[in-house]
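This report covers salt bridges and the solvent exposure of the residues that form them. The sequence and model come next.

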Amino acid sequence: MLSRNEPQVYARRLRAVLIRSIPLLEARGIVIVVLAGVVGVMAGVLVTAMSQMVQGMHGLLFGVQPGGRLSAMFSLSDPVQAAIPAIGGFLLGLSVIWLRKRKFRTPVDPIEANALYGVRMSLTDTFIIAGQTIISSGFGASVGLEAGYTQVGSGLASRLARALRLRRNDVRILVGCGAAGAIAAAFDAPLTGAFYGFELVIGIYSVANVAPVMTAAICASLTAEVFGGVPFPLELAGLPALTASQYLPFLLLGLLGGAASIAIMHLVSLIERGFARLSIDASLRPFIGGILVGLLGLVTPQVLSSGHGALHREFAMNYGIAVVASVFVLKLAASAISLGSGFRGGLFFASLFLGALLGKIFAGVMAVASPATGIDPAVAAVVGMTSLAVGVVGGPLTMTFLALESTRDLTLTGVVLAASIMAAILVRETFGYSFSTWRFHLRGETIRSAHDVGWMRSLTVGSMMRKDVRTIDAATTLADFRKEVPLGSAQRVIAVDEGRHYVGVLIVAELHSELSNGETPVRTLAQFKDAVLVPTMNVQSAAETFQRAGAEELAVVEDFADRVVLGLLTESHLMRRYAEELDKARRDLSGEG
């Protein structure tokens, strides 16, 4: 019978034999590129399979014809079909109960894995997210499949890389390749997929990463085409030439897209809190949300599922501004209710659809307010689509390349990029989160990107503090303090009461120059009485405490309630350790370590 460690020993021996027998494997960069290609092929196959499963469910449940799209239907063929999202919500609720009984934790997605968990992704998490996403979108909930796509691509890439015992930076690259391949396969857009991997998952662009990420994206896109993946072209014919005077209105549209994205993220959070306040179990919330989404689907099926068909329909048809605005409101409500009630998915494609609607609304308003600008509705739809998506998803270059690859029109690149940058600046300066990182924030995390900050959790106050701190009874008089602590014997002393509970920090030099009466108790001269650190604080929280207190040194106490003194930490030592660890993390990321 094999021991626990024997399989790992055999894996290491096999890897060593392969490297000795195949000289090419010593070329690490080539190996990563080859593995990236494998990851891209896997992502392409899985994305196509998930898409076809959902399309099959739409055909079975809603009667969608082969090659058609649920959201492109003008009406439901049978009003009873409005109950289908509620059935999906019921099934999703059953899965929630099943996972709760088995005490599964919240699944980890690629951004969170990169930022906090050393790029380790669980296959269990991957299959849970993929399955719940398929149920949600397949039964008509107003969510996209992109979250499931990137989860399966990245999750399998992480598992493959760890099975081969690759270095942490190589695992990070392959996880980014998995996400890049998933998005490339979903939209038949290799550049979009590649920059999705760079901007949102890997978190950094470097020349060394170009080859593997682009390889994964191209392989995934080609694989999806081979297995029948549906491309995502936007047919825009006869677009007028852009003029310099139109750039200012389009920049304004970029700002509106950024503002709308912030409002959408707040709305989803508001509805989520509203469902949480209901006196019902969390497993019943998707059922209620499904009922509401089904009722909206009776008004127009454009609000159902991700919205691929509806987006193409909006570009092909020339609806009036009132119709476009009503669809915008209905789709926004359906997406917010779906996510707020607990359906699994994301806002990636919903943000594209809502942005296109916003752009058409903007063009309609400009046609009335300033007809001389000559804003074309189709161009405005593309600009609005990318601007709002940048705010929700993040990644201005990702969305710019999506517009470029989906429209095949290079003339739009400049205005789309400019508007996307305006939206990104507005969101970063006023809000600071994309939709995924905003949801982490609501859970109490401080992640703002995929940059590796997991090391910050191990860099705690408890690991950095000095334990040989000098203390003195806070009731000691100033005169006795000067005798007991001569000038130059220490820089600071912690004042404590009889139970060694923290009272404040005493700066020795200041107390020796103090002009107060010698009988004054030192507790009255103590500083930073309300500012303390606890051992579990990470470096970021400690730095914020130092900044708020305006202190150069703070006491470390056991907890905030009893405040028993354990040690002392200086701001200079904290920042020095932070700089050392940050430099180490950067070296690891660049492959130097």
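## Salt bridges in the predicted model

R100 is partly exposed, with a relative accessible area of 42%. Partly exposed lies between buried (under 20% relative accessible area) and exposed (over 50%), using a 1.4 Å probe and protein chains only. This is a predicted model, where local features need pLDDT of at least 70, side-chain atom pairs count only at pLDDT 80 or more, and totals for chains, interfaces and linings use all residues. Residues are numbered from 1 along each chain as its sequence is written, and side-chain values use heavy atoms, with hydrogens and water left out.

The structure has four salt bridges. The term means a side-chain nitrogen of Lys or Arg within 4 Å of a carboxyl oxygen of Asp or Glu. Three of the pairs are tabulated, including their closest N to O distances.

| Acidic residue | Basic residue | N to O distance |
|---|---|---|
| D281 | R100 | 3.1 Å |
| E429 | R428 | 3.6 Å |
| E553 | R492 | 2.8 Å |

R100 pairs with D281. This contact links distant parts of the chain: R100 sits in helix α3 (residues 84-101), D281 in the loop between α10 (247-277) and α11 (285-299), 181 residues apart. Helices (H or I, at least four residues) and strands (E, at least two) are DSSP runs, numbered from the N terminus. D281 is partly exposed at 33%.

E553 and R492 also join distant parts of the chain, strand β4 (residues 553-557) and strand β2 (residues 492-496), 61 residues apart. E553 is buried at 7%. R492 is buried at 15%.

What is the exposure of E429? E429 is exposed, at 59% relative accessible area. Its partner R428 is exposed too, at 53%.
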